[in-house]
Structure formats: structure tokens, C-alpha cells
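Reader: I'd like a close look at the charged pairs in this one, please. Walk me through them slowly, and tell me what sits around them.

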Amino acid sequence: MKPDLRKKQISGILLTLGVFAVEFLITAAYLYPKARRGELFSARRASTDLPALFLQSLIPFLFPAALLVLFALLLKKDFAPKLYLTLHGTWQRVTALVLCTAILGITCYCLIVKADSAAVLFSLLYYLVFIAFAEEFVCRDVCPYFLRNFSWPVRYLIPNICFAILHVFAYANWDKIGGAYLFRFVSSNLLGLAVGGCLLQLLKEKSGTIWLPVLLHA
């Protein structure tokens, strides 16, 4: 292996692990303590304190947003194509339209049958932008870009195993995390999350756009 390629691969792995370390630390240092104190707001109860819930969701989103701006500045005119942020071709547009219609249909149905309209509308923003776009952009876009000098097993496994690990708090329902819970998470949830992430990444690479995984995730 050429020395330059080896350096690029080492840099790619370090950058990928660094991104996930920041993501994990944001969750561990900001959201998990709030949950343990009973101060974590739920999107299902948005009307109770909408400004506080928006701020709670926005703070973790600042890191993916910063990456978005950084890549836009670094890649310039290559930003959109290299990070799969374009939507082209008939079948991509039709699929995106079907997924958008499904999301809007579910939202309209919930607005009719649920009394808390604020929670429904905030959930649309929360799951589409703060969850789906943020996770897909970081896990299936930025990190595979860092690992582009590797073959597909590395390019798929490292980001999506890290993606699965990021859910360790959520799958505990923000409760106490102990040895028994970690064993259950690793032996069951971890594999499913990693496989799901790999499938979303495959969809991104085969379709040529990040928007289909984002909409499907949402």
C-alpha cells in the first residue's frame, strides 16, 4: 500500500471516530443528565413548553449543522454532488414525492385525530430535520466520505456500528444504564441498528442522493 494512501486511510478513520465521539459526548453530557433529572422534554408533549423543547432539540443539531457549513466551505462547487445532496432522475424524484406524500398524509391524519396539534407539527420538524436529516447526513454522508479510500466493508461497517452505539441511551428510555442493559443492547439492538444503517447507506449510494434515506428514515 502506498504511504499517501495509508495516511489518507488513517486520517479517515480518525476523523470518523472523532465525529462520533463528539456526537456521543453531546448526548452523554447534555441530554442524558437532563433525562436523569426528569427535565427531558418529549416531542409528543410539545405544547407544554415549545420553546424549551425546540432549544433542547436544536443544541444537538448544531454539530451536524456546523459540519454542513464546513463541508460547503471546503468543497465549494463539489459540495452537493460529493455529499449526495442533489436529487436527479425520474425515479428518484417520484420516490421522493411518494415518501413526502406519505409523511404529509400521516401528519394530516394526526392533526385530525389528535388534540395536540402543536405536538404533531413539532414532531414533523423533529423527526424530519433534527433526527432523520442529522443522522443521515452525519452517519451515511460525512463519515463514508471520510472513509472513501476504503473498500465497502470498512466504509459501511464503521459508520453504522457507531450509528448503532449512538442509540444506547434512547433504547434504555433514558433510564439507568447498567451491565445487564448493555448486554441486551449489544446482543440484540446493536445488530439491527447497524444492519438498518447499512441498508440506508446502500440506498444512498445506489440512488445517488441522500434525500431518499432521509425521507425513509423520517
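Author: Here's a tour of the salt bridges, followed by the helices and loops that frame them.

First, a word on trust. This is a predicted model, with an average pLDDT of 91 over the chain and 99% of the residues at 70 or better. Of the chain's elements, helix H8 (residues 211-217) has the highest mean pLDDT, at 96, while helix H1 (residues 3-36) has the lowest, at 89.

Now for the pairs. Side chains of opposite charge can pair when their charged atoms come close. With a cut-off of 4 Å between a side-chain nitrogen of Lys or Arg and a carboxyl oxygen of Asp or Glu, the count here is three salt bridges.

Let's start with Glu136 and Arg140, whose closest N and O atoms are 2.6 Å apart. Both belong to helix H5, and being four residues apart there puts about one helical turn between them. That spacing suits a pair, at least as far as direction goes: an α-helix has 3.6 residues a turn, so residues three or four places apart point the same way. What may catch your eye is the burial. Glu136 has a relative accessible area of 0%, and Arg140 also comes out at 0%, so each counts as buried, the limit being under 20%.

The helix carrying this pair deserves a look too. H5 runs over residues 117-146, and its 30 residues should span 44 Å at 1.5 Å a residue; the C-alpha atoms at its ends are 41 Å apart, which agrees. H5 does have a kink of about 30°, centred on Tyr126.

Next up is Arg155 with Glu205, a salt bridge with an N to O distance of 3.2 Å. This one links distant parts of the chain, as Arg155 is in helix H6 and Glu205 in helix H7, 50 residues apart. Arg155 is buried at 17% relative accessibility, whereas Glu205 is partly exposed at 24%.

Stay with those two helices for a moment. H6 covers residues 152-165 and has Trp152 in it; that tryptophan is exposed, its relative accessible area being 58%. From Trp152 to Gly208 you count 56 residues in sequence, yet their C-alpha atoms are 16 Å apart in space. Over on H7 (residues 179-207) you'll find Leu199, which is exposed at 54% relative accessible area. Leu199 joins Leu191, Val195 and Leu202 in making a nonpolar surface patch of about 370 Å².

That leaves Glu39 and Arg37, paired with their closest N and O atoms 3.1 Å apart. Glu39 is partly exposed, with 37% relative accessibility, and Arg37 is exposed at 52%.

Finally, two backbone spots to check if you're looking at torsions. Most residues other than glycine have a negative phi. Lys76, however, has a positive phi, near 55°. Lys76 sits in the loop between helix H2 (50-75) and helix H3 (79-82), and is exposed with a relative accessible area of 64%. Tyr84 isn't a glycine either, and its phi is positive at about 60°. You'll find Tyr84 in the loop between H3 and helix H4 (90-113), where its relative accessible area of 24% makes it partly exposed.

Definitions and conventions:
Residues are numbered from 1 along each chain as its sequence is written. This is a predicted model: local features need pLDDT of at least 70, side-chain atom pairs count only at pLDDT 80 or more; totals for chains, interfaces and linings use all residues. Side-chain values use heavy atoms; hydrogens and water are left out. Patches are made of residues with over 30% relative accessible area and no salt bridge: like charges are joined within 9 Å, nonpolar side chains (Val, Leu, Ile, Met, Phe, Trp, Tyr) within 5 Å. Accessible areas come from the Shrake-Rupley method with a 1.4 Å probe; for residues, only the protein chains shown count as cover. Helices (H or I, at least four residues) and strands (E, at least two) are DSSP runs, numbered from the N terminus. Buried means under 20% relative accessible area, exposed over 50%, partly exposed in between (1.4 Å probe, protein chains only). The expected span of a helix is 1.5 Å times one less than its number of residues. The bend at a residue is the angle between axes fitted to the seven residues ending there and the seven starting there. pLDDT is the predictor's confidence in each residue, from 0 to 100.
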